[in-house]
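The questions below ask how the terms used for a structure follow from their definitions. Each answer sets a value against its cut-off.

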Amino acid sequence: MNKEKLWTKEFITLSVVNFLIALIFYLLLVTIASYAITRFHTSTGVAGLVSSIFVIGALFGRLGIGRIIDDVENRKILIISIIFFAIPSALYFVATSLPLLIIIRILQGMAFGVATTTIGTIVAQILPANRLGEGLSYFSISIILATAIGPFIGILLTEYADFNAIFIFNLILVIFCFFMSFAVKEPAHKISKPDKIKGAKIFKISNYLEFKAIPISIIALIISFAYSGVLTFISIYAEQINLVNAASFYFIVFSVTVVVSRPFSGRLMDVKGANIVMYPCFFIFAIAMFLFSQANFGLALLLAGALFGLGFGNLQSISQAIAIQVAPPHKLGLATATYYMFYDMGFGVGPYLFGFFIPFLGYRGSYSTMVMVILATIVLYYFLHGRKEKQLITVK
């Protein structure tokens, strides 16, 4: 039997746009804290807030778009959100005070939340139902590559250029995304009008959150929280343990591992269910965090990067697929928004809390604590979703 086509023009275009927008996010995530300290002489705690406040803005953006995304033409939302993403990108040049910088971060975060939620929803609509796990695994490679390449470029520009070069680079990428967005067509799979407007005038929490997607979204929140400390403070941690050169290759190793493993994990989920991927990846994620916390030489740091790619990288894509899989077909947009809200919350709160933990526990102590958090999440996953997985496989 022939497989339904996966690599359509829309799928490729959306993956590229998603990659570039996420690249900007992660590039700034690892550089803006340093910028705040250098420019405004802030503490590490405040610098962590400047970094993570972007994600708080994304939460509000996703919450708002989650209410209307299944009712409005997604293509229009995508184009408008990229325009509003570009405006704060230009305002970084005139951020003359710390409060203004924080406001810019919030506004750009809101536009980021709307744009990426819209992209994720369109992708979920155009993917063949029997290749959802595989398709989302390929699509989410764009995000993981951004988590690798974005920080790599950010550290490179910080070392050999200045912060203005970073802001110019980001603005160029946003303009490119704007023009690419016009190549995206409105998905053909739309729900019927009666389903859309039913209960639209009544205020309900269910109009803003998809409750069936919340359990796995809680898991996504915890794993993103655990990894946020690695992503945000790796450059400072590497300096402290004298592994700066190895750290510059960390993201390359991470991304290569993800690119190689994602297609296999996605297909495995489609055939055998999510548990066969999720449980091993939790343990691999925990091992990676322990190795990272104890690294004393470059090879250990790079091995941790590879294991993070296998563990965290696949946990992220499979949990997103679960969130969409458990939701009703007419609530794909709401499920996507719900998942990303929780996932972003982890990245938003993580750097801020790590900024306060580090002075007391140190970097190694903070990362070691995350090992226990990840292991505890395995039990939580079982009760929230894992034990129900057999029922989903039977339904499929």
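Q: Which helices do the buried residues of helix 6 pack against?
A: The model is predicted, so local features need pLDDT of at least 70 and side-chain atom pairs pLDDT 80 or more, while totals for chains, interfaces and linings use all residues. Residues are numbered from 1 along each chain as its sequence is written, and side-chain values use heavy atoms, without hydrogens and water. The buried residues of helix 6 pack against helix 1 (9-40), helix 3 (74-91) and helix 5 (132-160). Contact here means heavy atoms within 4.5 Å, and helices are DSSP runs (H or I, at least four residues) numbered from the N terminus.

Q: How do you know that the span of helix 6 agrees with its number of residues?
A: The expected span is 1.5 Å times one less than the number of residues. For the 19 residues of helix 6 (residues 163-181) that gives 27 Å, and the end C-alpha atoms are 27 Å apart, so the two agree.

Q: What makes one side of helix 6 the buried side?
A: Buried means under 20% relative accessible area, exposed over 50%, and partly exposed in between (1.4 Å probe, protein chains only). Among the buried residues of helix 6 are Phe163, Phe167, Leu173 and Met180. The buried residues cover an arc of only 140° around the axis, so they lie on the same side of helix 6; the arc is taken from the directions from the helix axis to the C-beta atoms. The face turned away from that side carries the exposed residues Ile172 and Phe179.

Q: Why is the pair of Phe25 and Phe54 called stacked?
A: Rings of Phe, Tyr and Trp (its six-membered ring) pair if their centres lie within 6.5 Å; planes under 30 degrees apart count as stacked, over 60 as edge-to-face and the rest as tilted. The centres of Phe25 and Phe54 are 5.1 Å apart and their planes are at 20°, so the pair is stacked. Phe25 is in helix 1 and Phe54 in helix 2 (residues 44-68), 29 residues apart. Both Phe25 and Phe54 are buried.

Q: What makes the pair of Phe282 and Tyr381 tilted?
A: The centres of Phe282 and Tyr381 are 5.6 Å apart, with 55° between the planes, and the pair is tilted. Phe282 lies in helix 10 (residues 275-294) and Tyr381 in helix 12 (residues 332-384), so the pair ties together parts 99 residues apart in sequence. Phe282 and Tyr381 are both buried.

Key: Helix = DSSP H or I, 4+ residues; strand = E, 2+ residues; numbered from the N terminus.
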